[in-house]
Amino acid sequence: MSKTRRVWNIILAVLNIQGALILMLVPDIAFLLIAIFVGFMLMGRGLKYLFYYMTQANHMVGGKRVLLVGLFLFDFGVFVTMLVDEPQAIMIVYVVAIHLVAAVVNIIRTVGNKKDGNPGWKIDFAQFFGNLAQVVLCLVFIGHVEIPVYIYCIGEIYGSILKIISSCKKTAIVYVQG
């Protein structure tokens, strides 16, 4: 990871912590703001993948996968932004589903990194634990609207702290001599 990328990761993590703290101050409209933000984030990421497909990936092996991921992310982002009018319990279920998928991805990365002897498996395991804890706690308190907001915000703060820690860690540089 380059120094510039490290700085941007730290800046974005600090902004994420500030945003989570602000959402904790207004829990009554927090899920509305979360749904709008996550929806636009997914649409933006989907458009990024679609633009990448149109400019480069359509000529590459596996380019169709990039197209499908872009379409899926964009479609899911539109779907999430349309949930704004739905009851908050439904939005909580979708937030739980997103964190459940993230937890599964983290545990797969943890197993792969541990098998390869990569010391980064500890951060992946910590992220898995955080995502899984968010899923369980949100499902336990699904009847109360304000408690999952606090759980979500604490999870975002936890994830941002892990991002800052991983950005500050030194990475090995491998030089190939020919």
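A disulfide is a pair of cysteine sulfur atoms within 2.5 Å. The model is predicted: local features need pLDDT of at least 70, side-chain atom pairs count only at pLDDT 80 or more, and totals for chains, interfaces and linings use all residues. Residues are numbered from 1 along each chain as its sequence is written, and side-chain values use heavy atoms, with hydrogens and water left out.

**Exercise 1.** Find how many disulfides the structure holds, then place Cys153.

*Solution.* The count is zero. Cys153 is in no disulfide; its nearest cysteine sulfur belongs to Cys138, 10 Å away. Now take accessibility: buried means under 20% relative accessible area, exposed over 50%, partly exposed in between (1.4 Å probe, protein chains only). Cys153 has 1%, so it is buried. Cys168 has 52%, so it is exposed.

**Exercise 2.** Check the length of helix H1 (residues 3-25).

*Solution.* Helices are DSSP runs (H or I, at least four residues), numbered from the N terminus. The expected span is 1.5 Å times one less than the number of residues. For the 23 residues of H1 that gives 33 Å. The end C-alpha atoms lie 34 Å apart, which agrees.

**Exercise 3.** Classify the ring pair Phe72 and Phe76.

*Solution.* Rings of Phe, Tyr and Trp (its six-membered ring) pair if their centres lie within 6.5 Å; planes under 30 degrees apart are stacked, over 60 edge-to-face, the rest tilted. Here the centres are 6.0 Å apart and the planes at 10°, so the pair is stacked. Both residues lie in helix H3 (residues 63-82), four residues apart. Phe72 is exposed at 56%; Phe76 is partly exposed at 22%.

How values were computed:
Helices (H or I, at least four residues) and strands (E, at least two) are DSSP runs, numbered from the N terminus.
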